[in-house]
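User: Hello! I would like to learn how to read a protein model, one feature at a time. Could you take me through it?

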Amino acid sequence: MKPEISSISQISPAQSVVCILGKEELPGWLKLNKTETEYAIKQIKAKEEYVIINSYFKVTYIIRTKNNSDYYKTWEELRKTAFNLRKLIRAENLSELAIGAYEAPEGSAEAFAEGLILSFYSFDKYKTKKEAADKKNYPSRLLLYGDIDDLKIRWLTTLTDAVYISRDLINEPVNHLNAPALADEIKKAGETAGFRVDIMTKGKIEALKMGGLLAVNKGSVDPPVFCILEWKPEKPVNANPVVLIGKGIVYDTGGLNIKTGDYMDNMKADMAGAAAVTGVLFTAAKTNMPVHVIGLVPATDNRPGGNAYTQGDIITMFNKMNVEIGNTDAEGRMILADAISYASKYTPEIIISIATLTGSAAMTFGFQALAAMGNADEKYFRLLKESGDEVYERTAQLPFWEEYGELIKSDIADIRNVGGREAGAITAGKFLENFAEYPLIHLDIAGPGSLKKDDYYRLKDGPGTGVRLLSVFLKKYTEGVK
Ligand code: BES
Ligand code: ZN
Ligand code: ZN
């Protein structure tokens with residue numbers, strides 16, 4: 001339920017249109033009369049963010065880009081303007097809206113369309129009143145005008161679909177989406193997009209002795225799941241798969257070290273990493289990306305019920321290492337650690353974990369950056385940074401020196417699941433590294449993974465962070481390997 005995207009090769013005089021200008025001049029295809037044109041030029045010169053012209057049959061939105069030197073900054077500017085225009089566009093009740101660019105950086109029309117679609121999302125399935133229906137008054141078709149081929153349309157459609165899927169998963173509260181329900185949703189996404197999904201249920205997880213996932217699950221009445229998502233095209237560019245691992249804590253109460261005050265706010269979003277991985281697999285499969293990629297999603301809620309794991313417990317993990325529990329609220333790394341060791345069976349080229357892992361990362365970067373760290377070759381970090389800049393899901397790299405590893409030493413076991421208060425995001429990453437037999441990049445999205453209020457088109461609660469970043473990363477990766 002979102003606008004459809006297609007391309008058009010001509011703008012008719014009655015067509016409502018968004019016109020993106022790279023300079024203070026109107027293109028010939030924008031069919032305005034003389035007074036409208038004069039008015040538009042005057043307003044553009046006055047540096048308005050946008051100019052709206054209401055003609056009898058149509059509405060024309062004119063946007064002058066401010067920054068033409070860095071294409072990716074222009075794109076972000078346009079996504080934001082799209083968000084700013086979303087209500088005005090809705091109010092017009094248009095059935096279709098054309099979007100075209102003139103002398104603006106390549107990709108401008110797509111960026112505006114992307115921002116607009118992401119801004120039209122709403123999570124309203126539990127609203128029984130009319131208000132929800134009003135929000136659906138967006139144009140049902142966006143027509144991209146210019147040099148836009150089917151591949152670009154397909155990419156944009158798929159990517160925005162994937163973000164919607166990811167957002168729906170995050171926004172669903174735990175009483176409607178426990179771990180087994182998350183597995184069902186992932187299965188559905190797999191069926192729609194064409195990637196394979198295998199679900200390991202509790203018996204199998206026990207047989208494999210995934211001690212980390214089982215420990216976190218002990219306080220819950222719902223069983224854990226371990227989801228394996230796989231997209232393997234006929235001729236992948238990579239001999240060894242890229243393994244993506246997403247934290248699937250469907251709700252984080254903190255466990256016995258229960259979260260106090262408002263720290264439990266929006267902890268249904270503690271599976272945003274899992275939602276991102278699902279979205280990325282969706283994009284890879286739907287666009288038939290020539291890359292072999294595996295997604296691993298360990299999932300459970302973290303609660304203080306029943307026989308909940310406790311501070312002081314010593315847990316034997318899937319890889320046989322013993323972990324001393326310093327805090328039951330550091331549960332994400334416990335379930336990710338098992339998934340990271342499990343990834344070895346695929347002899348991955350690289351493992352990328354994505355998780356709402358530490359308040360520390362959120363305190364450091366706010367919601368502006370994904371904290372990136374790990375021991376993988378710098379070329380992967382560079383590619384991530386480049387991808388992040390393009391979609392404005394930007395990564396900022398943290399140091400990963402071995403000295404940080406000393407903070408999580410244990411006196412009585414191999415390792416502790418928490419360090420001190422210092423460098424919390426990094427010690428969490430270092431903890432994960434202990435379980436990685438292959439190169440690892442870890443992305444901590446505790447900041448941008450869930451939002452208290454809209455950050456433009458990154459809508460509040462579950463913005464779907466990481467889907468666009470990792471999808472573009474994989475796309476660039478396949479282009480680079482070829
Ligand atoms: N899910 C939280 C991290 C989090 C915090 C995500 C805020 C989003 C917003 C994680 O499981 C957690 O509780 N981490 C603890 C670790 C600590 C006990 C070492 C934290 O960061 O406080
Ligand atoms: Zn926690
Ligand atoms: Zn958590």
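User: Let me begin with one residue. Is Asp329 buried, partly exposed or exposed?

Analyst: A good place to start, and please keep in mind that this is a predicted model. A residue counts as buried under 20% relative accessible area and as exposed over 50%. Asp329 has 22% relative accessibility, so it is partly exposed.

User: Which protein atoms are the donors of the zinc ion (ligand 2)?

Analyst: To read a metal site, list the donor atoms and the residues that own them. For the zinc ion (ligand 2), the protein donors are a side-chain oxygen (OD) of Asp252, both O and OD of Asp329, and OE of Glu331. These donors lie 2.0 to 2.2 Å from the zinc ion (ligand 2).

User: What is the arrangement of the donor atoms around the zinc ion (ligand 2)?

Analyst: Here you look at the angles. The six donor atoms of the zinc ion (ligand 2) make angles of 71 to 168 degrees, and the site is irregular. Along the chain, the donors of this zinc ion follow the spacing D-x76-D-x1-E. Asp252 lies in strand 10 (residues 248–252), while Asp329 lies in the loop between strand 13 (322–324) and helix 10 (332–342), so the pair ties together parts that are 77 residues apart in sequence.

User: Which residues are the protein donors of the zinc ion (ligand 3)?

Analyst: They are Lys247 (NZ), Asp252 (OD), Asp270 (OD) and Glu331 (OE), at 2.0 to 2.4 Å from the zinc ion (ligand 3). The six donor atoms there subtend angles of 77 to 173 degrees, which makes the arrangement octahedral. In sequence, the donor residues of the zinc ion (ligand 3) are spaced K-x4-D-x17-D-x60-E. Asp270 sits in the loop between strand 10 and helix 9 (272–286), and Glu331 in the loop between strand 13 and helix 10, so this pair ties together parts that are 61 residues apart in sequence.

User: How many Å apart are the zinc ion (ligand 3) and the zinc ion (ligand 2), and which residue coordinates both?

Analyst: They are 3.2 Å apart, and Asp252 coordinates both. You can check the cover of the donors too. Asp252 is buried because its relative accessibility is 3%. Asp270 is buried as well, at 2%, and Glu331 is buried at 0%.

User: Which residues come nearest to ligand 1?

Analyst: For a ligand, start with the residues around it, then look for polar contacts. There are 15 residues around ligand 1, and those that come nearest are Lys259, Asp270, Asp329, Glu331 and Gly359. An N or O atom in the side chain of Asp252 is 2.9 Å from an oxygen atom of ligand 1. Glu331 has a polar side-chain atom 2.9 Å from an oxygen atom of ligand 1. With Thr356 the backbone takes part: one of its backbone N or O atoms lies 3.4 Å from a nitrogen atom of ligand 1. On its own, ligand 1 has 520 Å² of accessible area, and the protein covers 75% of that.

User: Now the strands, please. Which residues of strand 11 point one way, and which the other way?

Analyst: In a regular strand the side chains alternate between the two faces of the sheet. In strand 11, Val293, Gly295, Val297, Ala299 and Asp301 point one way. Ile294, Leu296, Pro298, Thr300 and Asn302 point the other way, and all of these residues are buried. Strand 11 (residues 293–302) is mostly covered, with ten of its ten residues buried.

User: How many bridges join strand 8 to strand 11, and in which sense do they pair?

Analyst: Strand 8 (residues 225–231) pairs with strand 11 in the antiparallel sense, over seven bridges. Within strand 11, Val297 is the bridge partner of Cys227. Strand 9 (residues 242–246) runs parallel to strand 11, joined by four bridges, and strand 10 is also joined to strand 11 by four bridges in parallel.

User: How many of the ten residues of helix 14 are buried?

Analyst: Nine of the ten residues of helix 14 (residues 424–433) are buried, so the helix is largely enclosed by the rest of the structure. Among them are Ile426, Phe431 and Leu432.

Note on methods:
Residues numbered from 1 in each chain as written. Chains lettered and ligands numbered in written order. Predicted model: local features only at pLDDT ≥ 70, side-chain atom pairs only at ≥ 80, totals over all residues. Heavy atoms only, no water. Donors = N, O, S within 2.8 Å, 3.2 Å for Na, K, Ca; no water. Tetrahedral: all angles 85-135°; square planar, octahedral: opposite > 155°, others 65-115°. Helix = DSSP H or I, 4+ residues; strand = E, 2+ residues; numbered from the N terminus. Buried < 20%, exposed > 50% of the residue type's maximum accessible area, 1.4 Å probe, protein only. Near = heavy atom within 4 Å. Polar contact = N/O pair within 3.5 Å; in protein donor to acceptor, adjacent residues only side chain to side chain. Areas by Shrake-Rupley, 256 points an atom, 1.4 Å probe, with all protein chains shown as cover. Pairing = 2+ DSSP bridges.
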